[in-house]
Amino acid sequence: MSGIGPARAGDVDQILILQRAAYRIEAERYDDFELPPLTESRADLLAALRTHTVLVARRARAGDTTPAHHIVGTVRARVADETAHIARLSVLPSLHGQGIGRRLLDVIERVTAPVRRYELCTGHRSERNLRMYERAGYRRVRVEPQSDRVSLVYLEKVVDASVGPHRARHELTGSASRFPHAADGRQ
Ligand SMILES: CC(C)(COP(=O)(O)OP(=O)(O)OC[C@H]1O[C@@H](n2cnc3c(N)ncnc32)[C@H](O)[C@@H]1OP(=O)(O)O)[C@@H](O)C(=O)NCCC(=O)NCCS
């Protein structure tokens, strides 16, 4: 992978294509093709760029000698009441199992720090996601029905406040000023 950095307005089309490809797996699992990540519009995502920290993982196109990269993963988070709400973790299906999702999760945690806790959710039958989050230090806190097909399992990770975000800053490509916490000095 070439790097993880902030999403730009020009990335929205690629992000939506990637997100729809990734969440199709979840849609098939639950036979529910109206999951919010699948129905999100361009306008919704542009709005999210203003309210959320949105990260993308970029990779150079195979055999490409130009600096063009394509987006292979994304995740976003919004901080409220000392909690980072992490969502829409998505990786291009052909690249699953290569560590991109785990790295995106690690970086979004670090760029939203310092917070008291992280929260995210996944479908009740998404065993691999649940395992991945539990191995990343999350524990299940509640289950909320979303529809007659899907219940959402919420997981949280309470943070040791002494752990800083510094390591992640080194991993980021792109302007730190796009990160709300970098901009308002809460580092
Ligand atoms: C969830 C998702 C983002 C994970 O991305 P990924 O790049 O494939 O994940 P990684 O390669 O970083 O692997 C993460 C963990 O899953 C494990 N894993 C990877 N491939 C696996 C596979 N085929 N089967 C079982 N476990 C697997 C890894 O061992 C890793 O565990 P670890 O962190 O304890 O080492 C990706 O599968 C995806 O886009 N899914 C569809 C959308 C979705 O469900 N998003 C999450 C909603 S909450």
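**Reading strands, a crossover and odd backbone angles**

Biologist: How many bridges join strand 3 (residues 69-80) to strand 4?

Modeller: Seven, and these two strands run antiparallel. Strands (E, at least two residues) and helices (H or I, at least four) are DSSP runs numbered from the N terminus, and two strands pair if DSSP finds at least two bridges between them. One match to look for: Gly-73 has Val-91 of strand 4 as its bridge partner. Bear in mind that this is a predicted model, where local features need pLDDT of at least 70, side-chain atom pairs count only at pLDDT 80 or more, and totals for chains, interfaces and linings use all residues. Residues are numbered from 1 along each chain as its sequence is written.

Biologist: In which sense do strand 4 and strand 5 (residues 117-123) pair?

Modeller: Parallel, over three bridges. Find His-85, and you'll see Glu-119 of strand 5 opposite. Between the two strands the chain passes through helix 4, making a right-handed β-α-β crossover (with the strands pointing away from you, the path from the first strand over the helix to the second runs clockwise).

Biologist: Which peptide bond is cis?

Modeller: Most peptide bonds are trans, and most residues other than glycine have a negative phi. Here, the bond from Ala-113 to Pro-114 is cis, with omega near 5°. Pro-114 sits in the loop between helix 4 and strand 5.

Biologist: What is the phi of Asp-81?

Modeller: Positive, near 50°. Asp-81 lies in the loop of the strand 3 and strand 4 hairpin, which has two residues between the strands. Glu-82 is in that loop too, with phi near 65°.

Biologist: Is Asp-81 buried or exposed?

Modeller: Exposed, because it has 8 other C-beta atoms within 10 Å. The cut-offs, with C-beta atoms placed from the backbone, are 12 or fewer for exposed, 20 or more for buried, and partly exposed in between. Glu-82 has 11, so Glu-82 is exposed.
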